[in-house]
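This report concerns selected local features of one protein chain. Please consult the sequence and the structure shown here alongside the text.

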Amino acid sequence: MEKITGAEALMRSLEHEGVDVLFGYPGGAIMPTYDALYDHRETLNHILVRHEQAAVHAAQGYARVSGRVGCCIVTSGPGAMNTITGLADAQMDSTPIVLICGQVGAAMLGTDAFQEVDVVGVTQPVTKWNYQIRRAEDIPWAVARAFYIAKSGRPGPVVLDFTKNAQTALFEYMPQTVNFIRSYKPLHHPSEDSIKEAARLINDSVKPFMLVGQGVELGSAYDELLELCEKAQIPFGQTLLGLSAAPTDHPLNMGMLGMHGNYAPNYMTNQCDLLIAVGMRFDDRITGNLDTYAKQAKIIHIDIDPSEINKNVQVDLPLVGDCKEVLARISQYVNPAKHQAWIEGFKPYAEKEYNKVIEGALHPTEGPLLMGEVVRKVSEAANNEAILVTDVGQNQMFGCRYFKFKKSKSVVTSGGCGTMGFGIPAAIGATFGAPERTVCMFAGDGGFQMTIEELGTIMEQQCPVKMIMLNNNYLGNVRQWQYMFFHKRYSFTPMMNPNYEKIAEGYGIPCRTVVEREDLEDAIREMLDTDGPYLLQVAVKEEDNVLPMTPPGGNVDEMLFEVEQTEELPKGLKKN
């Protein structure tokens with residue numbers, strides 16, 4: 001057989017895995033691989049980012065909207081270290097990516113060589129698997145294993161640390177495929193008895209309620225979800241990352257769960273007699289005070305990861321498995337039902353929220369523009385079919401509360417880590433993962449500046465990202481907490497902002513600033529009608545607040561509808 005270099009073998013292995021896009025940044029320790037990449041430009045489209053953190057976030061955006069494994073490549077030392085935030089973000093949000101890092105030669109490991117860092121040791125806590133390739137002969141096996149682990153079971157990030165000698169050595173290459181690892185069991189199948197028990201609990205319940213998480217998206221279980229809910233008439237709420245797992249306007253969809261979610265699904269969580277959690281992990285933003293969370297209900301937890309069972313909430317019936325399979329199996333034993341009184345019971349709480357919060361957020365009659373009205377107008381102008389990408393903060397909460405969804409895989413946001421700066425690079429990746437769709441990215445003025453260098457990537461690639469910056473001259477989310485819990489002491493949250501129009505002009509990106517309400521719809525239409533990227537800067541109310549809100553450590557059924565100053569600090573915070 002032909003002998004090729006390890007770098008060339010890596011290229012062929014990536015092609016064998018179906019990779020078509022790479023996000024990366026070259027450097028000394030990965031240079032042999034970049035030299036090999038030069039001859040594969042027709043099949044491996046390399047997107048040069050401006051910072052290594054952005055390479056990982058872009059790979060995340062690509063993976064989230066395409067359902068495929070995102071792939072990125074960086075050099076050793078500082079290049080690899082700059083990816084840690086993205087890896088932790090991908091780990092928390094179960095995003096399948098493979099990161100390839102350059103590394104010094106095997107003979108120099110442990111000598112503190114130039115740009116040597118123990119990448120395996122550093123990344124182990126924030127990855128699903130990592131491996132150091134020291135021999136060229138191990139490349140086909142390592143790449144195949146990496147992609148299998150990243151995408152199977154509960155997805156997650158994988159790191160391959162690629163020594164320089166392995167990149168340059170010659171060997172006889174043979175592609176490999178991995179679909180089984182003896183020590184790794186990514187998929188479990190609940191017993192038939194436990195499936196029947198779940199159906200019995202559903203059949204016996206009078207007030208069932210389902211919590212829909214990102215697992216439904218990851219498992220492509222949309223049809224199975226709606227089949228079960230419609231057959232048994234189970235209303236459902238959605239987590240932040242599960243918002244596009246069902247259409248926003250579905251009659252059984254009661255809205256978003258969580259600290260800044262909708263009042264009705266949060267309140268009724270503590271009223272139901274059966275709680276069915278699907279593909280979600282009961283994180284603290286969903287549960288609030290665990291001592292009072294759903295104590296009246298029997299709980300079924302469906303999740304592909306056994307480590308999530310009973311981690312935060314003790315459940316009555318765990319079903320460890322792929323939710324697509326588990327939901328379909330349960331549906332076979334569930335009786336058609338009607339829970340009209342129970343479903344109607346959500347309406348008074350939804351109406352209360354609408355009257356106290358939503359009406360004013362979407363239809364203000366005077367004053368500055370509000371974030372909620374901007375988000376909803378963008379969504380509707382895009383026929384509610386666009387992909388929503390957000391940064392982190394108030395822009396994220398307003399974006400997820402007021403954007404509407406018709407299609408699956410339409411939410412790209414940083415959930416578990418809450419990474420400011422996520423928005424721009426993730427949106428870049430989304431344009432490559434779903435090039436046929438409109439990508440709308442919302443950011444605040446704070447998060448926008450954290451990865452503002454990626455406007456260079458957008459300029460070079462002409463990524464058609466529609467960027468909507470909600471500019472309130474504050475770190476808005478922190479400011480809201482300072483108002484509520486720290487006596488309005490705005491410690492380093494006011495922001496002095498640059499001239500974004502001039503910055504956009506420097507990158508050749510069309511930009512428009514909107515201050516007056518009567519100009520908003522025309523500007524949104526101009527943005528959506530423009531080929532390629534566009535930056536729409538909207539001057540919004542400086543002290544706009546995300547409501548309703550469950551105070552940190554509070555009960556999910558005791559949400560605040562007004563921002564109030566309080567002497568009580570959030571649970572876990574102490575006065576100096």
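The sections below treat a strand and its neighbours, unusual backbone geometry, and salt bridges.

The model is predicted.

**Strand S5 and its partners**

Strand S5 covers residues 97–103, and seven of its seven residues are buried, so the strand is largely enclosed by the rest of the structure. Burial applies to both of its sides: Ile 97, Leu 99, Cys 101 and Gln 103 point one way, Val 98, Ile 100 and Gly 102 point the other way, and all are buried.

Strand S5 pairs with S4 and with S7. Strand S4 (residues 70–74) runs parallel to S5 and is joined to it by five bridges; within this pairing, Gly 70 has Ile 97 of S5 as its bridge partner. Strand S7 (residues 157–163) also pairs with S5 in the parallel sense, over seven bridges. Here the bridge partner of Gly 102 is Phe 162 in S7.

**Backbone geometry**

Most residues other than glycine have a negative phi, and most peptide bonds are trans. Against that background, three sites deserve attention.

The peptide bond between Leu 547 and Pro 548 is cis, with omega at about -5 degrees. Pro 548 belongs to the segment that follows strand S20 (534–539).

Asn 310, although not a glycine, has a positive phi of about 60 degrees. Asn 310 is located in the loop between strand S13 (298–303) and strand S14 (317–320), and its relative accessible area of 30% makes it partly exposed. Gln 462 is likewise not a glycine, and its phi is positive at about 50 degrees. The loop that holds Gln 462 connects helix H21 (455–461) and strand S18 (465–471). With a relative accessible area of 43%, Gln 462 is partly exposed.

**Salt bridges**

Side chains of opposite charge can pair when their charged atoms come close. The structure contains 22 salt bridges, including the three listed here.

| Acidic residue | Basic residue | N to O distance |
|---|---|---|
| Asp 305 | Arg 154 | 2.8 Å |
| Glu 197 | Arg 200 | 2.7 Å |
| Glu 373 | Arg 517 | 2.7 Å |

The side chains of Asp 305 and Arg 154 form a salt bridge. This pair links distant parts of the chain, 151 residues apart: Asp 305 sits in the loop between S13 and S14, and Arg 154 in the loop between helix H7 (139–151) and S7. Asp 305 is buried, at a relative accessible area of 15%, whereas Arg 154 is partly exposed, at 22%.

The salt bridge between Glu 197 and Arg 200 lies within a single helix. Both residues belong to helix H9 (residues 192–204), where they are three residues apart, about one turn of the helix. Glu 197 is partly exposed, with a relative accessible area of 28%, and Arg 200 is partly exposed as well, with 38%.

Glu 373 and Arg 517 also meet through their side chains in a salt bridge. This pair again links distant parts of the chain: Glu 373 lies in helix H17 (residues 371–381) and Arg 517 in the loop between strand S19 (511–514) and helix H24 (520–529), 144 residues apart. Glu 373 counts as buried, at 3% relative accessibility, while Arg 517 is partly exposed, with a relative accessible area of 22%.

Finally, salt bridges that share partners join Arg 154, Asp 305, Glu 308 and Lys 311 into one network.

How values were computed
Residues numbered from 1 in each chain as written. Predicted model: local features only at pLDDT ≥ 70, side-chain atom pairs only at ≥ 80, totals over all residues. Heavy atoms only, no water. Buried < 20%, exposed > 50% of the residue type's maximum accessible area, 1.4 Å probe, protein only. Helix = DSSP H or I, 4+ residues; strand = E, 2+ residues; numbered from the N terminus. Pairing = 2+ DSSP bridges. Salt bridge = Lys/Arg side-chain N within 4 Å of Asp/Glu carboxyl O.
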